[in-house]
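Welcome! Here are some exercises to work through with the sequence and the 3D structure side by side. Try each task yourself before reading its solution.

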Amino acid sequence: MAAPLVSIRGLSVDFDDGRRAARAVDGVDADIAAGEAVGLVGESGSGKSVTWLAALGLLPNRARVSGEVRIGGMNLIGAERRVLEGVRGKRIAMIFQDPSSCLNPVHRIGRQVTEALRLHRGMDGRAAEAEALRLFDQVGIADAKRRLSDYPHQLSGGLNQRVMIAIALAGQPELLIADEPTTALDATIQAQILLLLSRIRRETGMAMVLISHDLGVVAENVDRVCVMYAGRIVEQAPGEALFDTPHHPYTQGLLAALPTLTGPRRRLAAIPGSVPEPWNLPVGCRFAPRCPAAEERCRHEAPPRRVIAPAHQAACHFDVAGQSVWPAQEAAE
Amino acid sequence: MLAFALSRLARAAITILFVVTFAFIVLRLSGDPALLIMSVDAPPEAIEAFRKAWGLDRPIWEQYLAYAWHALTGDFGKSMRDGRPAIDLVLERLPATLAITLPALALKLGIGIPAGIYAALHRNSLADRLTMMVSVAGFTMPSFVLALVLVLIFGVTLGWLPASGADSVWHAVLPIVTLGTAGAAIMARFTRSAMLEVLGQPYIRAASAKGLAWWLVVAKHALPNAAIPTVTIIGFMVGSLVAGAVIVESVFAWPGIGRLLVSAVANRDLAVVQALLMVIAAWMVLANLCVDLAYGWLDPRVRSGAR
Ligand SMILES: Nc1ncnc2c1ncn2[C@@H]1O[C@H](COP(=O)(O)OP(=O)(O)OP(=O)(O)O)[C@@H](O)[C@H]1O
Ligand SMILES: [Mg+2]
């Protein structure tokens, strides 16, 4: 297998505010191949955003980051600011959850796009404007010419996210991190943005990490899924394998909570309990307190990562072999 | 933008009219000017004559209309003390006041803003804490205390600078420093918190994620946004430039508007007090108008009436 585009090894992030130490990300390993689409799922607070913010050096100074994030032989963790600035937007771009507050309210959106074009492609004046128009077309912004001189508050959330995507594309990155790009948007707009991202990925061949707390959103749009819980990746597998034979009880729980379009309608069962706070993590398996199959061992020993099939790994003491540990759901009446 | 500017202009005009009316009412409520100026035991005929001369015998609304019309055309009548036009007395003092308050403003902005920006960019550093400590001291100290301390140190003990009067450029130094210190402290605190607020916004992280160098993120995405709230406080400082010098002018015997106000009030020189109030109010309204226009220029959301 060719060397991955981005390779993360032992990435950990601690937030230490002097009163308590909090480990938000704990020894994450992951590879992203060129052109690949990877989903990163987990409930709120599991460390998905922090993982990639750490990779790009975008966390506040008090965050202590260790481990390695390599792109093209270069380690980004602890790298100089200049090195990071050269990677951000140029090799790895990132878009965020709330597009309307990610655009600067006092600048015209056209200018915010051409700013990236000047930075990454050395374009100015007419050339930059022409390219901005092309990008707006590419991300499906109608009436692009007029939109260039609009301010963010004049646009809907969906349009603003398209602008953010256009800005991300300006640097022609090899990898786009889309951090819950549709969470703040209406359902129909959500679907449009996801379609747009898939189309752009096909057109440009860039790799993408799609972060979401919704397995359903991720499943349809990626090749491979990483499931994250309390700062660790607990299972990763190709999309189909994950759906057909989920090995980690947490993944099984997330799947059980998904509404199905085909099968009989089931009652949605969210996993009882909540993600532990990063300053109060259980020893052993972090999911043990919420896991119906947990035994004594789970509460003491962190489970090793087990290889189930090529490209399918799960971190659980038990080999549940695709059998759900959760009580069967009754059909809704 | 034009509609926006016009609406702000109309607002400024209404405010001026309001101030004119208010000054009239307050001054009339504070007592019969004839009695105040002539003293109570003057002969009744003299008081009557004074009333007639100043139009005080006519109905109050007529007095108001005449006064308002004259006030709006800059005519406040003659000083009741020395008979010269009141507005002339005021305007000839204005340069002296501006001679200390404008350099003081430059000091406030020139020290306060950079210090605030620096402190925000190096939050919780030693420099930040030091700046904030100095600024607390700067704005909690009343200006007359600071004035006296400065006079004591530089005027009396060291003998480097004159302590009062207005005979040379050096006489302006201590009043300027006194006026500038508290303002610089306030400006530093305000700029710092405006910057911190902006630096915590998602678009700052997004701008960094684009690959912009940090100084560009600060220059293009933080400073213009932080300028919006800062303009309010600058407008307030500019607005109070003229009125704010009363105490300092008195302490340093500086012959500006502030001293004139003190003596006009003491002498019950109605025309001069009214002219002073109008000049001070007009100045404030003008400063406010500038702030409003600056808002529209800095913040597209204000300009388009959204918000
Ligand atoms: N700047 C910060 N300072 C302190 N703690 C932080 C900071 N940023 C994140 N955390 C903590 O790190 C943990 C992981 O946060 P993260 O934002 O990565 O979660 P997430 O998986 O992206 O969740 P969501 O779906 O809500 O975005 C959370 O418990 C959060 O409180
Ligand atoms: Mg997140």
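**Exercise 1. Find the strands that pair with β3(A), and say where the residues of β3(A) lie.**

Step 1. Begin with β9(A): β3(A) pairs with β9(A) in the parallel sense, over 4 bridges. Helices (H or I, at least four residues) and strands (E, at least two) are DSSP runs, numbered from the N terminus. Two strands pair if DSSP finds at least two bridges between them.

Step 2. Pick out one bridge: A:L40 has A:C226 in β9(A) as its bridge partner.

Step 3. Now turn to strand β8 (residues 207–212) of chain A, which pairs with β3(A) in the parallel sense over 5 bridges. Here A:V41 has A:S212 as its bridge partner.

Step 4. Look at the side chains: A:A37, A:G39 and A:V41 point one way from β3(A), while A:V38 and A:L40 point the other way. Because 5 of the 5 residues of β3(A) are buried, the strand is largely enclosed by the rest of the structure. Buried means under 20% relative accessible area, exposed over 50%, and partly exposed in between (1.4 Å probe, protein chains only).

A note on the model before you go on: this is a predicted model, in which local features need pLDDT of at least 70 and side-chain atom pairs count only at pLDDT 80 or more, while totals for chains, interfaces and linings use all residues. Residues are numbered from 1 along each chain as its sequence is written, chains are lettered from A and ligands numbered from 1 in the order in which they are written, and side-chain values use heavy atoms, with hydrogens and water left out.

**Exercise 2. Lay out the open sheet of 4 strands in chain A.**

Step 1. Write down the order, which is β2-β1-β4-β5 (chain A), with antiparallel pairing.

Step 2. Mark the edges: β2 and β5 (74–75) of chain A each have a single partner strand, so one side of each has no neighbour in the sheet.

Step 3. Follow one pair: strand β1 (residues 6–16) and strand β4 (residues 63–71) of chain A are antiparallel over 8 bridges. On this pair, A:S12 stands opposite A:S66 in β4(A).

Step 4. Recall what holds strands together: strands of a sheet pair through backbone hydrogen bonds, either parallel or antiparallel.

**Exercise 3. Is helix α11 (residues 249–256) of chain A enclosed, and what covers its buried residues?**

Step 1. Check the helix: 8 of the 8 residues of α11(A) are buried, so the helix is largely enclosed by the rest of the structure. Among them are A:P249, A:Y250 and A:L254.

Step 2. Look for the cover, which includes α9 (215–219), β9 (224–229), β10 (232–238) and α10 (239–244) of chain A.

**Exercise 4. Trace salt bridges that link distant parts of chain A.**

Step 1. Count with the rule (a side-chain nitrogen of Lys or Arg within 4 Å of a carboxyl oxygen of Asp or Glu). The count comes to 24 salt bridges over all chains.

Step 2. Find A:D26 and A:R286, whose side chains form a salt bridge at 2.7 Å, N to O. A:D26 is in strand β2 (residues 21–32) and A:R286 in the loop between α11 and β11 (306–309) of chain A, 260 residues apart. Both A:D26 and A:R286 are buried.

Step 3. Move to A:E43 and A:R290, a salt bridge with the closest N and O atoms 3.0 Å apart. A:E43 is in the loop between β3 (37–41) and α1 (48–55) of chain A, A:R290 in the loop between α11 and β11, and 247 residues separate them. A:R290 counts as buried because its relative accessibility is 9%.

**Exercise 5. Describe the interface between chain A and chain B.**

Step 1. Count residues in contact (heavy atoms within 4.5 Å): 28 residues of chain A touch 22 residues of chain B.

Step 2. Take the buried area, the accessible area (1.4 Å probe) that two parts lose on being put together, summed over both. Here this area is about 2,200 Å², and carbon and sulfur atoms give 60% of it.

Step 3. Look for the charged link: the count between chain A and chain B is 1 salt bridge. A:E115 and B:K210 meet in a salt bridge at 2.5 Å, N to O.
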